[in-house]
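This report describes the fold, the strand pairing, the ring contacts and the cysteine links of one protein chain. The sequence and the model are shown first.

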Amino acid sequence: MSKLVAIAFLLGGCSVAVYVVEGCCTPTQWESIIGFQNATVKDGKLDVTSAGMMTSYDFDNKKVAYYADTFRRVQDYNKMMQYIIAGGHCYPSKLYMPMRNCMPDNVTVITSFEMGGPKGVMIDVYDLEKVAPEAGIKGTLSINPEGCIPFSETLMTEGSYASLAFLNVTSGIKDPSVFDVPSPPCPKDTDYMMNSLQEELVKHWPVLPSLL
């Protein structure tokens, strides 16, 4: 049975990417709501934050967008550029991991379970360090093997635990304008700008757009 791939997102200033399983690839165009929760322990106190946003993945045109009321992050893998638009400002940076939507063939399932009981939805769980060793992330990726549909990701670091859920996944792109990069505030001369920027050497999480 074919397995699955994952996706890209953001954690603070980190851009996100996605990954998949044995002979499995996600749909080439799909959208979902991302629900994110981060728990951090500092000075013996637990701090929990939550957030949510819409996401659109277009592997045909090599673009990803994350957006909410006052925020938008556009990743253009044709130019290997990322743009964060917020508060009337644009923050461009280079991407360094390619966009892929298929899982490595040598990755194995660490556990499986049925969400909702014996007649529920089957979920396969993978080790992110095995799925995407170049991302340098410790955590898990969970997918529904029927259709290669992402379910959740977790990220574990010293003193913190973050979880990401993909909700209301639908096929296709309803509004392609979510990938548009406004100018202003973003610069028009992308060739000059790219030469002046350093690569964004940050850990990508979620692991979906830069899957393999």
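Which residues do ring pairs link into a cluster? The cluster consists of Trp30, Tyr57, Tyr66 and Phe166, linked by ring pairs; further details follow under the heading on aromatic pairs.

## Basis of the model

The model is predicted, so that local features need pLDDT of at least 70 and side-chain atom pairs count only at pLDDT 80 or more, while totals for chains, interfaces and linings use all residues. Residues are numbered from 1 along each chain as its sequence is written, and side-chain values use heavy atoms, with hydrogens and water left out.

## Overall composition

The protein chain contains two helices and 13 strands; these are DSSP runs numbered from the N terminus, helices being H or I with at least four residues and strands E with at least two. Of the 212 residues in the chain, 44% are buried. Buried denotes under 20% relative accessible area, exposed over 50%, and partly exposed the range in between (1.4 Å probe, protein chains only).

The accessible surface of the chain is about 10500 Å², and carbon and sulfur atoms hold 54% of it; the areas come from the Shrake-Rupley method with a 1.4 Å probe, and for residues only the protein chains shown count as cover. Among contacts with a separation of 6 or more, 60% are between residues 24 or more positions apart, where a contact means heavy atoms within 4.5 Å.

## The open sheet

Eleven strands make up an open, antiparallel sheet in the order 8-7-6-5-4-3-13-12-11-10-9. Its edges are strand 8 (89-94) and strand 9 (111-115), each of which pairs on one side only. Two strands are taken to pair if DSSP finds at least two bridges between them. On average, neighbouring strands of the sheet are turned by 20° against each other, direction ignored; the axes are lines fitted to C-alpha atoms, for helices over the stretch in contact, and angles run from 0 to 180 degrees between N-to-C directions.

At one edge, strand 7 (residues 81-86) is joined to strand 8 by six bridges in the antiparallel sense, and Met81 stands opposite Lys94 of strand 8. At the other edge, strand 9 pairs antiparallel with strand 10 (residues 121-127) over five bridges, with Thr111 opposite Val125 of strand 10. The hairpin of strand 9 and strand 10 has five residues between its strands, and Gly116 there takes a positive phi near 95°. Strand 10 also pairs antiparallel with strand 11 (residues 139-144), over four bridges; here Asp124 stands opposite Ile143 of strand 11.

## Aromatic pairs

The structure has three aromatic pairs. Rings of Phe, Tyr and Trp (its six-membered ring) pair if their centres lie within 6.5 Å; planes under 30 degrees apart count as stacked, over 60 as edge-to-face and the rest as tilted. The ring centres of Trp30 and Phe166 are 6.4 Å apart and the planes stand at 70°, so this pair is edge-to-face. Because Trp30 belongs to strand 3 (residues 29-42) and Phe166 to strand 13 (residues 160-171), the pair ties together parts that are 136 residues apart in sequence. Both Trp30 and Phe166 are buried.

## Disulfides

The count comes to two disulfides, each a pair of cysteine sulfur atoms within 2.5 Å. Cys25 is joined to Cys102 with an S to S distance of 1.6 Å, and the link is right-handed, with 110° about the S-S bond. Cys25 lies in the loop between strand 2 (14-20) and strand 3, and Cys102 in the loop between strand 8 and strand 9, so the pair ties together parts that are 77 residues apart in sequence. Cys25 is partly exposed at 34% relative accessibility, and Cys102 is partly exposed at 21%.

The link of Cys90 and Cys186 has an S to S distance of 2.0 Å and is right-handed, with 90° about the S-S bond. This pair links distant parts of the chain, with Cys90 in strand 8 and Cys186 in the loop between strand 13 and helix 2 (190-196), 96 residues apart. Both Cys90 and Cys186 are buried.

## Backbone features

The loop between strand 13 and helix 2 holds Pro184 and Pro185. A cis peptide bond joins Ser183 to Pro184, with omega about -5°, and the bond from Pro184 to Pro185 is cis as well, with omega near 10°.

Lys62, although not a glycine, has a positive phi of about 60°; this residue is in the loop between strand 4 (45-58) and strand 5 (63-68) and is partly exposed at 41% relative accessible area. Cys148, also not a glycine, has a positive phi of about 55°. Cys148 lies in the loop between strand 11 and strand 12 (149-157) and counts as buried at 4% relative accessibility.
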